[in-house]
Amino acid sequence: MLLVLAVSMLIPLLIALYTRENSSGKAFATVLAGCLFVGLLIRQFCKPSQAKMKVRDGFSWLLCSVIGALPFWLSGAIPSAADAFFESCSGFSTTGASILTDIEAMPRSLLFWRSFTHWLGGMGIVVFVMALGKKISGKSARDRILTDARLGVGLPCIDTELNSERDTLLRRA
């Protein structure tokens with residue numbers, strides 16, 4: 001997880017460097033380096049867990065929010081650590097709530113990071129639902145999608161609509 005966050009901070013770091021946002025660039029570089037260092041240490045010395053979800057997996061969302069708040073806070077764009085944490089939680093939970101009154105006044109790299117946390121949070125929720133769905137129903141996401149495709153769920157009924165249009169036109173003629 002830390003390595004994923006580190007890689008995801010590369011893009012806003014490059015944006016900060018390109019737009020010459022020094023405080024944001026330093027904040028992203030610091031957090032990225034810390035995530036890489038700790039993530040590589042954990043990967044080196046800890047065994048990967050089995051595919052079972054545990055309580056610590058829930059804490060990973062909290063840890064993502066704390067780490068995601070650091071660039072906001074370290075750059076000084078959001079001076080309060082609590083507000084930066086709220087903004088980050090809002091992104092990773094995809095609620096969209098914000099403490100910011102003038103969002104466009106933030107540096108571009110931080111605006112990108114704010115939007116990117118929403119995207120990462122949305123993808124995390126999709127993966128979580130897919131994993132949870134298998135635990136509850138016993139069917140994988142692939143099995144559910146194939147079942148829906150065989151039943152025609154969610155697909156437009158083009159043949160039926162075309163036949164209906166043709167029949168209507170023939171009756172009028």
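**Exercise 1. Are Phe28 and Trp113 buried or exposed?** Describe the aromatic pair that these residues form.

*Solution.* The structure is a predicted model.

Step 1. Begin with the surroundings: both Phe28 and Trp113 are buried.

Step 2. Turn to the geometry. A pair of aromatic rings is described by the distance of the centres and the angle of the planes. For Phe28 and Trp113 the centres are 6.1 Å apart and the planes make an angle of 75°. Planes over 60 degrees apart count as edge-to-face, and the pair of Phe28 and Trp113 is accordingly edge-to-face.

Step 3. Place the pair in the chain. Phe28 belongs to helix α3 and Trp113 to helix α6, so the pair ties together parts that are 85 residues apart in sequence.

**Exercise 2. Determine how Phe116 and Trp119 are arranged, and to which cluster of rings they belong**.

*Solution.*

Step 1. The ring centres of Phe116 and Trp119 are 5.6 Å apart, with 5° between the planes; this pair is stacked.

Step 2. Phe116 and Trp119 both lie in helix α6; because they are three residues apart there, about one helical turn separates them.

Step 3. Consider accessibility for each partner. Phe116 has a relative accessibility of 15% and therefore counts as buried, whereas Trp119, at 49%, counts as partly exposed.

Step 4. Widen the view. The whole structure has five aromatic pairs. Ring pairs join Phe116 and Trp119 with Phe28, Phe92, Phe112 and Trp113 in a cluster.

**Exercise 3. Locate the salt bridge of the structure and state which helices it links**.

*Solution.*

Step 1. Count: the structure holds one salt bridge.

Step 2. Identify the partners. Arg114 and Glu87 form a salt bridge, and their closest N and O atoms are 2.6 Å apart. The cut-off for a salt bridge is 4 Å. As a general point, side chains of opposite charge can pair when their charged atoms come close.

Step 3. Map the partners onto the chain. Arg114 is in helix α6 and Glu87 in helix α5; the pair links distant parts of the chain, 27 residues apart.

Step 4. Check burial: Arg114 is buried, as is Glu87.

**Exercise 4. Describe helix α5 and the setting of Ser88 within it**.

*Solution.*

Step 1. Helix α5 spans residues 81–92. Its twelve residues reach 16 Å from the first C-alpha to the last, close to the 16 Å expected at 1.5 Å a residue.

Step 2. List the buried residues of α5: Ala84, Glu87, Ser88, Ser90, Gly91 and Phe92.

Step 3. Ser88 has a relative accessible area of 0% and is therefore buried.

Step 4. Find its polar partner. The side chain of Ser88 reaches the backbone oxygen of Ser65 at 2.8 Å.

Step 5. Add the remaining neighbours. Leaving aside residues within four places in sequence, Ser88 is in contact with Cys64, Ser65, Gly68, Ala69 and Phe72.

**Exercise 5. Characterise the largest nonpolar core and the contacts of Ile67**.

*Solution.*

Step 1. The largest nonpolar core has 22 residues, and those with the most contacts inside it are Leu5, Met9, Cys35, Ile67, Phe72 and Trp113.

Step 2. Two or more residues of this core come from each of α1 (2–8), α3 (22–45), α4 (55–75), α5 and α6 (108–137). In soluble globular proteins, nonpolar side chains tend to be buried together.

Step 3. Beyond its neighbours within four places in sequence, Ile67 is in contact with Leu2, Leu5, Met9, Val31 and Cys35.

Step 4. Set the core against the whole chain. The protein chain has eight helices and zero strands. Buried residues make up 27% of its 173 residues. Of the contacts with a separation of 6 or more, 60% come from residues 24 or more positions apart.

**Exercise 6. Where are Arg20 and Thr94 found, and what is the sign of phi in each?**

*Solution.*

Step 1. Arg20 is in the loop between α2 (10–18) and α3. Although Arg20 is not a glycine, its phi is positive, about 60°.

Step 2. Thr94 follows α5 and is in the loop between α5 and α6. Thr94 is also a residue other than glycine with a positive phi, near 60°.

Step 3. Compare accessibility. Arg20 counts as exposed because its relative accessibility is 71%; Thr94, at 34%, counts as partly exposed.

Conventions: Residues numbered from 1 in each chain as written. Predicted model: local features only at pLDDT ≥ 70, side-chain atom pairs only at ≥ 80, totals over all residues. Heavy atoms only, no water. Helix = DSSP H or I, 4+ residues; strand = E, 2+ residues; numbered from the N terminus. Buried < 20%, exposed > 50% of the residue type's maximum accessible area, 1.4 Å probe, protein only. Polar contact = N/O pair within 3.5 Å; in protein donor to acceptor, adjacent residues only side chain to side chain. Contact = heavy atoms within 4.5 Å. Core = buried A, V, L, I, M, F, W, Y, C linked by side-chain atoms within 4.5 Å. Expected span 1.5 Å × (residues − 1). Salt bridge = Lys/Arg side-chain N within 4 Å of Asp/Glu carboxyl O. Phe/Tyr/Trp six-rings, centres within 6.5 Å; stacked < 30°, edge-to-face > 60°.
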